[in-house]
Amino acid sequence: MSNTLNLPADYREQVVGILSRDTPGIEVWAYGSRVDGSNHDASDLDLVLRAPDLAPVSVKVISRLREAFDESNLPIIVDIHDWARLPEAYHEEIRRSFYVLSQPE
């Protein structure tokens, strides 16, 4: 796990707001360049959704979330993935460096 997410505070606020509204009960991890420090200003934000018991996240939830980010005024692309639908090799890579952006209450 990483203690750093290279994302401007105003972007982070928007991302967390969307996640809290559209992903209740789902843990969300950021990973990739914005966590490992290899990002630049236009780098995308990679997110992975982790539902309770690591069950697949509803396609409806994922679609709604993608739409919310597309309609936001964030000037970066947000890529969303479902942990349950990623190959184990991706799990290993993500576990090396991730940032917990949202947790169920």
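User: In what pattern do helices and strands follow each other along the sequence?

Analyst: Read the elements in order from the start of the chain. In this predicted model, the protein follows the pattern α-β-α-β-α-β-α-β. That comes to 4 helices and 4 strands.

User: How do I read the overall dimensions, and what is the radius of gyration?

Analyst: Set the value against the globule rule. The radius of gyration is 13 Å, close to the 13 Å that the rule gives for 105 residues, so the protein is as compact as a globular protein of that length. Along its principal axes, the C-alpha trace spans about 35 × 30 × 25 Å. Of the 105 residues, 45% count as buried.

User: Take a helix. How many residues does H1 have, and how far does it reach?

Analyst: Compare its reach with the rise expected per residue. H1 covers residues 9-22, which is 14 residues. From first C-alpha to last it reaches 20 Å, close to the 20 Å expected at 1.5 Å a residue.

User: Which residues of H1 are buried, and where do they fall around the axis?

Analyst: Look down the helix axis. Tyr11, Val15, Ile18, Leu19 and Asp22 are buried. They fall within an arc of 100 degrees, so they line one face of H1. The face turned away from that side carries the exposed residues Ala9, Glu13, Ser20 and Arg21.

User: What covers the buried residues of H1?

Analyst: The cover includes strand E1 (27-31), strand E2, helix H3 (59-71) and strand E4 (98-102).

User: How should I think about a nonpolar core, and how many residues has the largest one here?

Analyst: In soluble globular proteins, nonpolar side chains tend to be buried together. Here the largest nonpolar core has 26 residues. Those with the most contacts inside it are Leu5, Val15, Leu19, Leu45, Leu47, Leu49 and Phe69. H1, E1, E2, H3, strand E3 (78-82) and E4 each give two or more residues to this core. H3 gives the most, with 5 residues. Apart from this core lies another, of 7 residues, among them Trp29, Tyr31, Ile94 and Phe98.

User: Now a polar residue. Is Ser43 buried or exposed?

Analyst: Check its relative accessible area against the 20% cut-off for buried. Ser43 has 7%, so Ser43 is buried. It sits in the loop between helix H2 (33-36) and strand E2 (45-50).

User: What lies 2.8 Å from a polar atom of the Ser43 side chain, and which residues farther along the sequence touch Ser43?

Analyst: The backbone nitrogen of His40 lies at that 2.8 Å distance. Leaving aside neighbours within four places in sequence, Ser43 is in contact with Ser33, Arg34 and Ile76.

Notes
Residues numbered from 1 in each chain as written. Predicted model: local features only at pLDDT ≥ 70, side-chain atom pairs only at ≥ 80, totals over all residues. Heavy atoms only, no water. Buried < 20%, exposed > 50% of the residue type's maximum accessible area, 1.4 Å probe, protein only. Polar contact = N/O pair within 3.5 Å; in protein donor to acceptor, adjacent residues only side chain to side chain. Contact = heavy atoms within 4.5 Å. Expected span 1.5 Å × (residues − 1). Arc of directions from axis to C-beta. Core = buried A, V, L, I, M, F, W, Y, C linked by side-chain atoms within 4.5 Å. Rg over C-alpha atoms; globule rule 2.2 N^0.38 Å.
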